[in-house]
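Q: I have a structure to read. Where should I begin, and how do I go from one feature to the next?

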Amino acid sequence: MDSVAQRLSAVGAGAALELRGVTRLFGALAALTDVTITVRPGERRAVLGSNGAGKTTLFNCITGDFPPSSGTIRFFGEDVTHFPPYERIRRGLRRTYQISALFPGLTVQDNVYLACRGVSRGRFSFLRPGQNDALMHAADNLVQAVHLSAVKDQRVAELAHGQQRQLEIALALAGAPRFVLFDEPAAGLSPTERAELIEILTSLPAHIGYIIIEHDMDVALRVVESVTMMHNGRVFKEGLPEEIQSDPEVQELYLGGGHE
Amino acid sequence: MSLAHDARLAVGRATEAQRAARTWPEINNPAAWAVAAILVIMPLIASSFFLIEIFATTLILGTMALSLMFLAGYGGMVSLMQLTIAGFSAYMVAVFGVSGNANISLGWPWWLAVPMALALATAFGTLGGALAVRTEGIYTIMITLAIGAAFYYFTNQNWAIFNGHTGINNVATPRFWGVNWRADIPFYYIVLAVAAFCYFAVQYVVRAPFGLALQGVRDNPRRMAALGFNVNAHRIAAYAFASFIAALAGVLQVWNYRQISPGSVSVGACIDVLIIAVVGGITRPIGPFIGALTFVLLRTFALDFLVRLGLDGNRFRLLIGLGFLAIVFWSSDGVIGLWQRWRQHQRREVSRSGRGRGHG
């Protein structure tokens with residue numbers, strides 16, 4: 001079997017996401033150094049690494065929350081390095097946040113409706129949605145898909161933590177996502193909720209690729225086909241889940257508490 | 001006709017009514033109907049002093065404060081320039097329309113001067129907003145206050161257009177269809193119609209995609225960008241909408257006093273609008289009108305009250321200031337916050353006593 005690295009090098013311009021030499025500095029601190037990653041359309045990949053490895057910064061550079069200090073980012077062949085976040089989202093990129101970033105003053109339904117509206121026309125519409133509004137139906141379906149129909153008219157501030165995490169995922173699946181970045185979606189979930197999360201992730205349509213940051217190896221390795229291991233802001237290893245799991249250097253890093 | 005058919009009809013009507021109630025929460029509120037009825041028959045019960053000096057003035061100030069409430073309550077942007085936009089609109093009505101200062105006023109008929117004033121004031125507010133959205137929190141307050149102060153000093157010193165500190169006097173008011181629309185009763189109804197229009201426009205828009213997205217921007221701008229929204233464009237559009245409301249109020253104000261001078265756009269007046277909105281409550285569009293009524297009543301009657309106590313009557317601001325302090329200390333969501341908590345308390349009492357009887 002080819003190694004993932006070999007398979008990826010053959011992909012080239014057909015990549016869903018292509019990072020070349022991405023570096024992000026915070027003052028003198030380099031949170032990311034010369035990161036080069038290529039992900040195929042529909043590929044599902046885990047990013048592992050200890051705290052401070054640069055995983056969330058990687059996501060922030062990809063979505064444009066923080067632009068990279070140098071390097072280029074291509075999304076389905078298009079150079080999006082200097083695009084504001086909303087332009088990247090409108091092209092089919094999505095993300096979730098490690099700490100739920102929801103709209104606590106609005107209802108579950110309104111949260112999901114906003115997500116659907118954000119990636120379609122009429123963001124500035126002064127007309128209220130009617131009964132047969134297509135986006136309202138889309139929002140209903142999404143609410144159902146993440147098992148929140150029972151609480152759809154409740155304000156988000158009143159939801160339990162697990163429900164907020166599910167809503168977080170629903171917001172990232174609105175519209176027609178082509179690639180999703182999941183930032184620790186299982187954080188703080190109960191075992192039952194974790195099983196539900198795995199079910200949601202594995203039942204995503206095959207053309208939707210994603211990168212998932214997840215500390216829980218049991219979750220991460222069940223929902224991905226490739227793994228990128230990061231350490232100190234650099235890509236440390238790439239490979240299949242089994243390769244990474246059995247790699248002595250990786251084991252050293254994880255078991256040794258993240259020290260070299 | 002079959003029973004089943006009747007039942008279906010009834011269900012259809014019920015959901016129709018429910019939807020209407022969601023769209024307009026006032027429909028199921030008897031207090032709202034009572035207030036609306038009183039406002040409509042007001043000319044029958046109020047003297048012309050009360051009609052204009054109290055109620056029309058309240059509605060005009062309330063509409064200005066409503067534009068601030070929309071930005072602050074739904075957009076999280078405290079703009080101190082809303083009165084300035086209203087004042088700019090008032091000046092433009094005087095400059096383009098007919099006034100006693102013939103060397104300045106262009107003498108356009110009101111139906112040309114008013115749309116021009118509304119358009120220019122909305123553009124002014126939108127430009128100011130475009131500056132202000134680059135900042136957040138206290139810096140937004142500072143920038144909008146700076147715009148307000150700059151406009152005040154500019155009007156004081158510019159004689160070519162704003163006629164310096166004397167301002168523009170004897171501004172003409174509309175007369176058509178044989179009606180003098182500045183006569184007390186017609187004017188009251190114009191003011192009431194505009195205030196009601198603005199109130200319901202805000203109520204409607206906050207449930208429309210634009211208003212929902214604005215609340216999303218207030219709660220979490222970064223996430224809104226990650227959902228595909230251009231956050232700053234949304235904020236600027238909110239300024240445009242609020243500026244149009246303020247501009248409408250400005251037209252009414254210049255017709256009310258028939259003159260406009262720098263005193264009407266002073267920094268103190270800008271802050272009065274903030275006080276009105278905060279005292280009334282910035283969580284709901286009715287708040288600014290309650291705040292305005294409180295403010296106007298105090299301004300009008302505190303003088304007599306203070307004189308009776310042996311104090312200087314001009315110290316009515318002392319009462320307003322104390323009231324403001326009390327509100328900020330004890331009810332950060334204003335008078336409507338106090339009212340809501342009182343209502344909740346009442347409801348809890350009722351349900352508790354009801355349960356008590358059931359167990360006994």
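**Reading the core, the contact and the domains**

A: Begin with the core. This is a predicted model, and its largest nonpolar core has 169 residues. Those with the most contacts inside it are Val112(A), Ala65(B), Val93(B), Val251(B) and Ala277(B).

Q: Which helix gives the most to this core?

A: H10(B) does, with 16 residues. Chain A takes part too: domain 1 (1-92 + 177-260) and domain 2 (103-176) each give the core at least three residues.

Q: What is the general idea behind such a core?

A: In soluble globular proteins, nonpolar side chains tend to be buried together. For a case here, take Val93(B). Leaving aside residues up to four places away in sequence, Val93(B) touches Ala113(B), Val114(B), Ala117(B), Val171(B), Val251(B) and Val254(B).

Q: How do I read the contact of chain A with chain B?

A: Count residues on each side, then ask which elements supply them. Chain B puts in 22 residues and chain A 27. On the chain B side, H7, H8 and H9 each supply at least two. H8(B) has the largest share, 7 residues. By class, the chain B side holds 12 nonpolar, 6 polar and 4 charged residues.

Q: Is helix H8 of chain B mostly covered or mostly open?

A: Mostly covered. H8(B) spans residues 209-219, and 11 of its 11 residues are buried. Among them are Phe210(B), Leu212(B), Arg218(B) and Asp219(B).

Q: What do the buried residues of H8(B) pack against?

A: Helices from two chains. Chain A offers H4 (108-118). Chain B offers H3 (48-75), H7 (184-205), H9 (221-225) and H10 (231-257).

Q: How do I read the two domains of chain A?

A: Look at the spacing, then the contact. The centres of domain 1 and domain 2 of chain A, taken over C-alpha atoms, are 26 Å apart. In the contact, 12 residues of domain 1 meet 12 residues of domain 2. On the domain 1 side, helix H3 (85-90) and helix H7 (191-202) of chain A give two or more residues each. H7(A) has the largest share there, 3 residues. That side has 6 nonpolar, 3 polar and 3 charged residues.

Q: Where is pLDDT under 50 in chain B?

A: Check the average, then the weak stretches. Chain B has a mean pLDDT of 84, and 90% of its residues reach 70 or more. Over residues 1-14 of chain B the pLDDT is below 50, with 1 contact beyond near neighbours in sequence. Residues 356-360 of chain B also stay under 50, with 0 contacts beyond four places in sequence. For the model as a whole, ipTM is 0.83 and pTM is 0.83.

How values were computed: Residues numbered from 1 in each chain as written. Chains lettered and ligands numbered in written order. Predicted model: local features only at pLDDT ≥ 70, side-chain atom pairs only at ≥ 80, totals over all residues. Buried ≥ 20, exposed ≤ 12 C-beta atoms within 10 Å, placed from the backbone. Helix = DSSP H or I, 4+ residues; strand = E, 2+ residues; numbered from the N terminus. Contact = placed C-beta atoms within 7 Å. Nonpolar A, V, L, I, M, F, W, Y, C, P; charged D, E, K, R; others polar. pLDDT = per-residue confidence, 0-100. Core = buried A, V, L, I, M, F, W, Y, C linked by C-beta atoms within 7 Å. Domains from an automatic or database assignment.
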